[in-house]
Amino acid sequence: MRKHIVAGNWKMNNDLPQSELLITDLLKQNQTSDAEVMIAPTFTNLWQAFESLRQESIEVIAQNMHFAENGAYTGEISASMLKSIGVKTVILGHSERRAYFNETDESLAKKVDAALANDMRTIFCFGEELQDRKSENHEAVVESQIKNALFHLEADAFKNIVLAYEPVWAIGTGETASPEQAQDMHAFIRKTLADKYGNDVADSVSILYGGSVKPGNAKEIFGKPDVDGGLIGGAALNAEDFYAIVNAF
Ligand SMILES: O=C[C@H](O)COP(=O)(O)O
């Protein structure tokens, strides 16, 4: 049985007091679903979040990291640094990293390797842009993103990989992929994995959907058989909305 996961990506939002407030609000919510819950605050808030949630069932994860262990990479942070404060999961390949910080399939493959070498779990993001969808090229784009960044891995590595399909045209736009569009793509992703690694691996990997998931649409999206959870942006900044999504399973 695949894990259900709901991860809140706070992006570049919340200073330290705001982060503390939101965590206080999160801890007032009740969880009624079986989903693994994660939050990804900014680097400056990770330690505080980790300390506040040490005894809780919310996992604190990172939004990004560099592929090198250490060295002359001003402004960057490594897997071992994240591990040293207790972070065990990292989001890699978010479309905003690809679009604004020139992250490529090649550099992402190195980041995935670095995370795995440090025994960290990766939430690996990918997704097509609007023009790809309009030209019906979306499956080919997604397939190449997955193959280029992940298909050098051994099957065993997928124990530490979660996939997150995020159509770029649905991120922060209020426009969501329909539950059917999400299901079709998730089934395609699973088939792509099965063709390379076999059904056991494909059936074991959780595939999250991200892109304007809200309390009002989460149930329908999460109700699809190949959607195993969500990577939530805007709605993760409000504790009640976030838990309405967590409890949509
Ligand atoms: O990482 C989260 C995704 O980019 C989705 O963001 P959103 O829920 O604000 O559309």
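Modeller: A quick definition before we start: helices (H or I, at least four residues) and strands (E, at least two) are DSSP runs, numbered from the N terminus. Also, this is a predicted model.

Biologist: Fine by me. Between which two elements does the loop with G172 lie?

Modeller: Look for a strand before it and a helix after it. The strand covers 161-165 and the helix covers 179-197, with G172 in the loop that joins them. Those two elements are β6 and α8.

Biologist: Is G172 buried or exposed?

Modeller: The cut-off for exposed is over 50% relative accessible area. G172 has 77% relative accessibility, so the residue counts as exposed.

Biologist: Which residues does the UniProt "binding site" annotation cover?

Modeller: That comes from an unreviewed UniProt entry. The annotation takes in N9, W10, K11, G172, S212, G233 and G234.

Biologist: Why do they gather at one spot?

Modeller: In sequence they span 226 residues. Even so, no two of their C-alpha atoms are further apart than a certain limit, so they gather at one spot, and that limit is 13.9 Å.

Biologist: And which of these residues does the lining of the largest pocket include?

Modeller: Check the lining against the annotated residues. The ones it includes are N9 and K11.

Biologist: On to the ligand. Of the 13 residues around it, which come nearest?

Modeller: By class, the shell holds four nonpolar, seven polar and two charged residues. Out of the 13, the ones that come nearest are K11, H94, G172, S212 and G234.

Biologist: How many Å is a polar side-chain atom of H94 from an oxygen atom of the ligand?

Modeller: Let's go through the side chains that have an N or O atom by a ligand oxygen. For N9 the distance is 3.0 Å, and for E166 it is 3.4 Å. For H94 it is 2.7 Å.

Biologist: What percentage of the ligand's accessible area does the protein cover?

Modeller: On its own, the ligand has 310 Å² of accessible area. The share covered by the protein is 97%.

Biologist: Back to H94. Is that residue buried or exposed?

Modeller: H94 sits in the loop between β4 (89-92) and α4 (95-100), and its side chain reaches the backbone nitrogen of E96 at 3.0 Å. Buried means under 20% relative accessible area. H94 has 4%, so the verdict is buried.

Biologist: What is the phi of S212, roughly?

Modeller: Most residues other than glycine have a negative phi. S212 is not a glycine, yet its phi is positive, at about 55°.

Biologist: Is S212 buried or exposed?

Modeller: S212 belongs to the loop between β7 (207-210) and α10 (215-222). With 9% relative accessibility, S212 falls below the 20% limit, so the answer is buried.

Biologist: And N102, buried or exposed?

Modeller: N102 also has a positive phi of about 55° without being a glycine. It lies in the loop between α4 and α5 (105-117). Its relative accessibility is 64%, so N102 counts as exposed.

Biologist: Last one: how many Å apart in space are A187 and P225, C-alpha to C-alpha?

Modeller: A187 is found in helix α8, and at 31% relative accessibility it counts as partly exposed. A187 and P225 are 38 residues apart in sequence. In space, their C-alpha separation is 8.6 Å.

Key: Residues are numbered from 1 along each chain as its sequence is written. This is a predicted model: local features need pLDDT of at least 70, side-chain atom pairs count only at pLDDT 80 or more; totals for chains, interfaces and linings use all residues. Side-chain values use heavy atoms; hydrogens and water are left out. UniProt positions are given in the numbering used here, feature names are shortened, and annotations may be inferred rather than shown by experiment. On a 1 Å grid over the protein atoms alone, a cavity is a set of points where a 1.4 Å probe fits but cannot get out, and a pocket is an open set with protein on both sides within 12 Å along at least five of seven lines; lining residues have an atom within 4 Å of a point. Buried means under 20% relative accessible area, exposed over 50%, partly exposed in between (1.4 Å probe, protein chains only). A residue is near a molecule or strand if one of its heavy atoms lies within 4 Å of it. A polar contact is a pair of N or O atoms within 3.5 Å; within protein, one must be able to donate a hydrogen and the other to accept it, and residues adjacent in sequence count only if both atoms are side-chain atoms. Accessible areas come from the Shrake-Rupley method with a 1.4 Å probe; for residues, only the protein chains shown count as cover. Ala, Val, Leu, Ile, Met, Phe, Trp, Tyr, Cys and Pro count as nonpolar, Asp, Glu, Lys and Arg as charged, and the others, Gly among them, as polar.
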